[in-house]
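Visitor: I'd like a close look at one part of this protein, whichever spot you think is a good place to start. Take me there first, then walk me outward through the rest.

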Amino acid sequence: MASSNQAFDRYCAELRSYPRLTLEEEKALGEAVKAGRDPAASEEQKAASLQARDKLVNSNLALVLNVVKQELPIELRGSDLNMDAIGEGNNGLLKAAEMFDPDKNVHFSTYADAWIRSYVKKAIASFPTIKIPQETRQDLYRISKAAQDMLSQSGSDPSDKEIADKLGMKEEKVSQLRALGNAATIVSLDDAVGDEEKENFGDRYIGDNDDEAQAAEEETNSAIAEGIATLSSLEADVLSRYLGLGGKEEESLSSIGKSYGFSRERARQIKERANAKLKAFLEEKGING
């Protein structure tokens, strides 16, 4: 049976084979998908819709990896739960492709981000949870990092003994911690919510994905896309970069300000203004944060 690392490597190789889409290609595919949703669509239109949807999904698989990287606890990267989270993220991406409206002035990646993040967070929340001290979390990180380094050098998964020898730890301890890392989501007893902790759209606006909430969730994601489209290009860029939307890495306000040639405080003001506009737009739609 292939290891989780091998499955992950194959997945990464596959997604790299799909070319990125231009905005024009993205909208054309969105139009085809939308046409297939019409109850009066012909069989040819329905077939073309499915092909367009699959192409839209395949060309944005890297976005799922980015979200999983942001959401999955570092101790679990490289474990079997990697592929579980990615699989759920792909389900979110598929749902986004099915619901995407190309007439809205928003990139597909920005729209899909909320769907992917929602599915990934729910997957992670379903993993068994064990609370352990920060010191053990650090050991888990050291073991995971050593295993990844040794794998990249030798091309094969290192044994517990090889990792133990490299780190100067007991083999038994390495075995126990590797098993723990593969079995549960790790939550530190030392974790605390700080004043500067970021909140993404999925946290604030997207609820549980049960049957009763499905219609509301679809409306919410569409409203988020519409709301972002009402912002100025500067506001949308600052907010997206700060929150890590649309495949972007989260950036600090200082970094964003520097790229534009203005201060952190100016970047913060723009971010707050954009967030206030988006919140007001969603409240007008009957979606309260």
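Guide: Let's start at I143, which sits in helix α7, running over residues 134-154. Keep in mind that this is a predicted model. With a relative accessible area of 3%, under the 20% cut-off, I143 counts as buried.

What does I143 touch? Setting aside neighbours within four places in sequence, its contacts are I163, L167, M169, V174, L177 and R178. S175 is another residue to look for from here: 32 residues separate it from I143 in sequence, yet the two C-alpha atoms are 9.9 Å apart in space.

Pick M169 out of that contact list and look from the other side. M169 belongs to the loop between α8 (160-167) and α9 (171-183). Loop or not, M169 is buried, at a relative accessible area of 15%. Its contacts, again leaving out neighbours within four places in sequence, are D139, R142, I143, A164, V174 and L177. D139 is 30 residues away from M169 in sequence, with 9.7 Å between their C-alpha atoms. V174 and L177 turn up for M169, and they are on the list for I143 too.

A word of caution if you keep following the chain from here. From residue 183 to residue 214 the pLDDT, the predictor's confidence, is below 50. That stretch still has 72 contacts in the model beyond near neighbours in sequence, but I'd read them with the low pLDDT in mind. Helix α10 (residues 201-205) has the lowest mean pLDDT among the elements, at 39. The highest belongs to helix α3 (residues 43-58), with a mean of 93. For the protein, the mean is 75, with 73% of residues at 70 or more.

Now step back to helix α6, residues 108-126. Its 19 residues should span 27 Å at 1.5 Å a residue, and the end C-alpha atoms are in fact 27 Å apart, so expectation and model agree. Of those 19 residues, 15 are buried, and that is why α6 can be called largely enclosed by the rest of the structure.

A112 is a good residue to zoom in on in α6. It is buried, with a relative accessible area of 0%. Apart from neighbours within four places in sequence, A112 is in contact with L63, L93 and A96. K95 is 17 residues from A112 in sequence, and 8.4 Å away from C-alpha to C-alpha.

There are some rings to look at around here as well. F100, F108 and Y111 make up one aromatic cluster. The ring centres of F100 and F108 are 5.1 Å apart and their planes meet at 75°, which is over the 60 degrees needed, so this pair is edge-to-face. Both F100 and F108 are buried. Look for Y119 too: K122 lies over the face of its ring, 5.8 Å from the ring centre.

For a contrast in ring geometry, go to Y260 and F262. This aromatic pair is stacked, with 5.4 Å from centre to centre and 0° between the planes. Y260 has a relative accessibility of 35%, so it counts as partly exposed. F262 counts as partly exposed too, at 23%.

Our last stop is helix α14, residues 264-284. Its 21 residues reach 30 Å from the first C-alpha to the last, close to the 30 Å expected at 1.5 Å a residue. Which residues of α14 are buried? They are A267, I270, K271, A274, N275, L278, F281 and L282. Viewed down the helix axis, these buried residues fall within an arc of 130°, so they line one face of α14.

E265 is also in α14, but its relative accessible area is 35%, so E265 is partly exposed. L253 is 12 residues from E265 in sequence, and their C-alpha atoms are 7.8 Å apart. Just after α14, G286 takes a positive phi of about 85°.

To put all of this in context, the protein has 14 helices and two strands. Buried residues account for 42% of its 289 residues. Of the contacts between residues at least 6 apart in sequence, 70% join residues at least 24 apart. The contact between I143 and M169, where we began, is there to go back to.

Notes
Residues are numbered from 1 along each chain as its sequence is written. This is a predicted model: local features need pLDDT of at least 70, side-chain atom pairs count only at pLDDT 80 or more; totals for chains, interfaces and linings use all residues. Side-chain values use heavy atoms; hydrogens and water are left out. pLDDT is the predictor's confidence in each residue, from 0 to 100. Helices (H or I, at least four residues) and strands (E, at least two) are DSSP runs, numbered from the N terminus. Contact means heavy atoms within 4.5 Å. The expected span of a helix is 1.5 Å times one less than its number of residues. Buried means under 20% relative accessible area, exposed over 50%, partly exposed in between (1.4 Å probe, protein chains only). Rings of Phe, Tyr and Trp (its six-membered ring) pair if their centres lie within 6.5 Å; planes under 30 degrees apart count as stacked, over 60 as edge-to-face and the rest as tilted. A charge sits over a ring if NZ of Lys or CZ of Arg is within 6 Å of the ring centre and within 35 degrees of the ring normal. The arc is that of the directions from the helix axis to the C-beta atoms.
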